[in-house]
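Here is my note on this model, set out as numbered points for a colleague who has the coordinates open. Please read each point alongside the structure.

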Amino acid sequence: MPRPDGRQFRRHSGLKHPFRIDTTQHFEEAPILLTTIKRTASYAFSGESTLDTVTAMRDTLDNKRGGLRALLPFAGPAVIASVGYMDPGNFATNIQAGSTYGYQLLWVVLLSSFGAMLFQAMSAKLGIVTSRSLAEVCRDEFPKPVVIAMWIGSEIAAIATDLAEFMGAAMGISLLFHIAMGWGLLIIGVITVAILSLDKKGFRPLEIVIAALVTVIGASYLCELFIAPPDWHAAIFHTFVPHLQGDHALMLAVGIVGATIMPHTIYLHSGLTQNRAPARNDYQRGRLVKFSNREVVIALGFAAFVNLAMVAMSASVFGKHAPGIVDITAAYHTLTPVLGVGAAALFLVSLLASGISSSVVGTMAGQNIMQGFVGFKTPVLVRRLVTMVPAVIVCMTCNPMSAMIDSQIVLSIILPVPLIALVVLSSKPSVMGRFAAGRRLIVTAIIATGVILALNLMLIWQAVVS
């Protein structure tokens with residue numbers, strides 16, 4: 001082909017133009033990529049993924065796998081439990097804490113996260129060693145009146161938890177898609193039941209969906225920290241130096257503890273580990289406990305990062321532009337003019353992912369609690385309706401945000417019950433055998449439980465006096 005000056009282009013034999021994009025190749029690769037994604041998703045949501053995971057765990061316990069390949073099959077229970085530490089109740093308390101007191105309550109989040117790691121690890125260990133859930137062991141070991149009282153308290157905690165989670169998800173979808181709150185409640189109910197139906201294919205598909213939603217939450221807040229960077233010096237200082245000023249700060253601190261250490265996840269974690277891995281002897285159970293402890297540290301460490309990021313972002317943005325804000329809707333409308341539509345949309349996406357995942361986990365916990373204490377399991381749809389009805393009533397009669405914060409205080413008041421039971425049962429050789437907790441661990445757990453109980457008593461006293 002002649003050039004404008006009459007000379008010929010030189011031919012490059014077998015060589016492509018260095019600056020030319022081969023669009024034909026990209027169009028040819030697109031169907032292959034879509035097919036690969038489709039096959040991967042089909043495998044992830046099939047029973048085959050569960051069978052392969054069980055086989056991989058068995059190979060690891062038989063010392064046929066090592067390194068990261070050995071840890072991955074055991075990942076799942078702590079990831080599901082971690083959702084309880086990133087639910088909409090955390091959004092409510094963390095926004096209020098950051099906007100009202102800046103970075104001053106970050107140390108409460110950190111200490112609560114360490115406490116959560118301790119008790120979740122103990123719960124998972126109980127399930128691995130006894131092949132029973134915490135609720136089942138309580139039913140077998142404690143007097144019947146105590147079991148009935150624990151069951152009632154646990155059901156109240158489960159309903160309070162599910163109320164906050166369900167309302168938070170409905171609020172997120174309502175604001176994101178500009179639909180009525182009632183439609184948001186209905187849509188979240190349908191989505192929750194659909195995700196829970198994956199359990200028919202085994203435990204792995206449900207774990208994969210929850211892990212994906214947890215990733216969305218973490219990625220959203222990581223982006224928020226880049227969009228609105230906090231005062232890192234103040235954030236680091238208050239993360240490690242305790243400071244509590246004012247009576248209202250105490251109430252918020254108790255709310256953070258209630259939102260961070262969740263009664264229903266304490267019960268659920270043991271149920272998730274009780275029959276998940278095929279341990280044949282005490283040596284393999286010991287290895288399972290080690291894998292579980294590592295997963296707890298990683299999963300709940302990630303949850304701690306999300307909670308710290310929530311408070312820091314709230315202090316950075318709302319503390320300056322909307323001090324004392326206590327409403328998620330108002331927080332969203334504040335973010336839009338301050339940081340832009342993108343940051344506000346990220347906030348809602350993280351809230352929606354949090355609400356959906358925690359609604360699923362809350363329903364699972366409610367089923368586990370009832371099955372453990374009473375001995376029968378309710379259908380998913382019935383369990384979902386039990387929490388949908390209170391949520392609708394609350395939305396129609398009071399401020400959803402205030403109800404969400406109050407629900408976290410209720411959780412904190414009920415929290416010592418499963419913690420005390422867990423400490424007592426973990427220390428009994430008749431229950432745990434050679435895996436009974438040592439004196440140092442029990443003393444640490446007793447101190448942590450005592451601190452939580454003391455905070456609750458101070459909160460009750462403050463409420464009575466005022």
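**Notes on the predicted model**

1. Overall make-up. The protein chain holds 21 helices and zero strands, and the model in which they are seen is a predicted one. Of the 466 residues in the protein chain, 53% are buried. Among the contacts in the protein chain with a separation of 6 or more, 83% are accounted for by residues 24 or more positions apart.

2. Helix H6. This helix covers residues 106-130, and because a rise of 1.5 Å a residue gives an expected span of 36 Å for its 25 residues, the 36 Å between its end C-alpha atoms agrees with that expectation. H6 is mostly covered, as 23 of its 25 residues are buried.

3. The residue after H6. Ser131 follows H6 and has its place in the loop between H6 and helix H7 (134-141). Its phi is near 55°, a positive value in a residue other than glycine. With a relative accessibility of 34%, Ser131 counts as partly exposed.

4. A second positive phi. Asn63 likewise has a positive phi in a residue other than glycine, here near 65°. Asn63 is placed in the loop between helix H2 (47-61) and helix H3 (68-71). Both backbone values, for Asn63 and for Ser131, can be checked directly in the coordinates.

5. The nonpolar cores. The largest nonpolar core has 123 residues, of which Phe119, Leu134, Cys138, Phe347, Met364 and Phe373 touch the most other members. Helix H14 (residues 282-321) provides the largest share of this core, with 16 residues. Apart from this core lies another one, of five residues, and Ala157, Ala160, Leu411 and Ile414 are among them.

6. Cys138 and its surroundings. Which residues does Cys138 touch, not counting residues up to four places away in sequence? They are Val147, Met150, Phe373, Ala421 and Leu425, and of these Phe373 is also listed among the core residues that touch the most other members. Cys138 has a relative accessibility of 0% and therefore counts as buried, the cut-off being under 20%.

7. Leu425. This residue lies in helix H19 (residues 416-426) and is buried, with a relative accessible area of 0%. Leaving aside neighbours within four places in sequence, Leu425 is in contact with Leu134, Val137, Cys138, Glu141, Phe142, Val431 and Met432. Leu425 and Ala436, eleven residues apart in sequence, have C-alpha atoms that are 8.5 Å apart in space.

8. Cysteines. How many disulfides does the structure hold? The count is zero. As for the surroundings of individual cysteines, Cys138 is buried at 0% relative accessibility, whereas Cys223 is partly exposed, with a relative accessible area of 37%.

9. The largest pocket. About 670 Å³ of space lies in this pocket, and 26 residues line it, with Asp199, Gly271, Leu272, Met364 and Lys377 the closest to its centre. Met364 is also one of the residues that touch the most other members of the largest nonpolar core. At least two lining residues each come from helix H4 (77-82), H9, helix H10 (203-227), helix H13 (263-273) and helix H16 (341-373). H16 gives the most to this lining, with five residues.

10. The cavity. The count of cavities of 30 Å³ or more comes to one, and the largest cavity has a volume of about 120 Å³. Its lining is made up of Met57, Phe74, Pro77, Ile128, Thr273, Arg276, Ala277, Leu288, Phe291, Ser292 and Glu295. H14 gives the most to the lining of the largest cavity, with four residues, and H14 is also the helix from which the largest share of the largest nonpolar core comes.

11. Ala194. This residue is found in helix H9 (residues 181-196), and is Ala194 buried or partly exposed? With a relative accessible area of 43%, Ala194 is partly exposed, because that value falls between the cut-offs of 20% and 50%. The C-alpha atoms of Ala194 and Val360 are separated by 9.5 Å, although the two residues are 166 residues apart along the chain.

Methods:
Residues are numbered from 1 along each chain as its sequence is written. This is a predicted model: local features need pLDDT of at least 70, side-chain atom pairs count only at pLDDT 80 or more; totals for chains, interfaces and linings use all residues. Side-chain values use heavy atoms; hydrogens and water are left out. The expected span of a helix is 1.5 Å times one less than its number of residues. Buried means under 20% relative accessible area, exposed over 50%, partly exposed in between (1.4 Å probe, protein chains only). A nonpolar core is a set of buried Ala, Val, Leu, Ile, Met, Phe, Trp, Tyr and Cys residues joined through side-chain atoms within 4.5 Å. Contact means heavy atoms within 4.5 Å. A disulfide is a pair of cysteine sulfur atoms within 2.5 Å. On a 1 Å grid over the protein atoms alone, a cavity is a set of points where a 1.4 Å probe fits but cannot get out, and a pocket is an open set with protein on both sides within 12 Å along at least five of seven lines; lining residues have an atom within 4 Å of a point. Grid points are joined across faces, edges and corners, and a volume is the space filled by probe spheres set on the points.
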